[in-house]
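Biologist: I would love a close look at a single part of this model, with its surroundings filled in as you go. Could you take me through it at an easy pace?

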Amino acid sequence: MKKKKKVLIISLLIVVVLMIFPPILAPVVHKADSPRSALREAIYKDGHSYQSFLAFIKKGDYQDQEYGQQYHVYWYNYNSPTGDTATICYAKLKESEEYEVACGTGP
């Protein structure tokens with residue numbers, strides 16, 4: 001019985017840590033120093049700290065001269081009526097060695 005209790009307590013502590021740390025760590029972890037990190041930072045700044053860690057980012061084939069490299073970002077937006085959000089984003093390296101992100105839902 002004591003072993004089950006220890007396992008339960010450790011499991012609950014892990015769940016609590018996983019629930020508390022993403023909002024705290026997101027500003028530290030997501031910097032605009034890489035395209036994927038800049039995309040995750042944009043999701044975080046939009047008010048979705050947990051989704052910024054869970055988003056699936058896939059590099060697209062298109063390179064735009066004005067906006068930069070295309071990325072497809074899939075994440076769950078609880079503010080959206082449909083929930084699932086497939087977003088087309090572009091990340092371009094600025095002179096300050098940070099990436100600028102522009103997102104939309106596409107055509």
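Where do Lys45 and Glu41 both lie, and how many residues apart are they?

Modeller: Happy to help, and please keep in mind that this is a predicted model. Lys45 and Glu41 both belong to helix 2, with their positions 4 residues apart in sequence, or about one turn of the helix. An α-helix has 3.6 residues a turn, so residues three or four places apart point the same way. In this case the two side chains meet in a salt bridge, with an N to O distance of 3.7 Å. A search of the whole structure finds 1 salt bridge, so the cut-off may interest you: the nitrogen has to be within 4 Å of a carboxyl oxygen. As a general point, side chains of opposite charge can pair when their charged atoms come close.

The two partners sit in contrasting settings. Lys45 counts as exposed because its relative accessibility is 65%, and exposed means over 50%. Glu41, on the other hand, is listed with the buried residues of helix 2, together with Pro35, Ser37, Ala38, Leu39, Arg40 and Ile43. If we leave aside neighbours within four places in sequence, Glu41 is in contact with His30, Lys31 and Ala32. For a sense of distance, Glu41 and Ile57 are 16 residues apart along the chain and 13 Å apart in space, taken C-alpha to C-alpha. Just after helix 2 comes Gly47, with a positive phi of about 100°.

Helix 2 also leads us inward. Two of its buried residues, Leu39 and Ile43, are part of the largest nonpolar core, a set of 9 residues that also takes in Ala55, Ile57, Tyr71, Val73, Trp75, Cys89 and Ala91. Helix 2 (35-45), strand 2 (68-76) and strand 3 (84-93) each supply at least two residues of this core, and strand 2 gives the most, with 3 residues. In soluble globular proteins, nonpolar side chains tend to be buried together.

From the core we can follow Cys89 outward. A disulfide joins Cys89 to Cys103, with the sulfur atoms 2.1 Å apart. This pair links distant parts of the chain, as Cys89 is in strand 3 and Cys103 is in strand 4, 14 residues apart. The link is right-handed, with 110° about the S-S bond, and the disulfide count comes to 1. Its two ends have unlike surroundings: Cys89 is buried, with a relative accessible area of 3%, whereas Cys103 counts as partly exposed at 47% relative accessibility.

Strand 3 has another residue to look at, Thr85. Thr85 is buried, because its relative accessible area is 14% and buried means under 20%. Setting aside neighbours within four places in sequence, Thr85 is in contact with Val73, Tyr74, Trp75, Asn77 and Ser80. Among these contacts, Val73 and Trp75 are members of the nonpolar core. In the loop between strand 3 and strand 4 (99-104) we find Glu97. Glu97 has a positive phi of about 65° although it is not a glycine, and with 58% relative accessibility it counts as exposed.

Lastly, a look back at helix 1. Helix 1 (residues 2-29) has 28 residues and spans 38 Å from its first C-alpha to its last, close to the 40 Å expected at 1.5 Å a residue. Helix 1 also has a kink of about 40°, centred on Pro22.

Definitions and conventions: Residues numbered from 1 in each chain as written. Predicted model: local features only at pLDDT ≥ 70, side-chain atom pairs only at ≥ 80, totals over all residues. Heavy atoms only, no water. Core = buried A, V, L, I, M, F, W, Y, C linked by side-chain atoms within 4.5 Å. Buried < 20%, exposed > 50% of the residue type's maximum accessible area, 1.4 Å probe, protein only. Expected span 1.5 Å × (residues − 1). Bend = angle between axes of the 7 residues up to and from the residue. Disulfide = S-S within 2.5 Å. Contact = heavy atoms within 4.5 Å.
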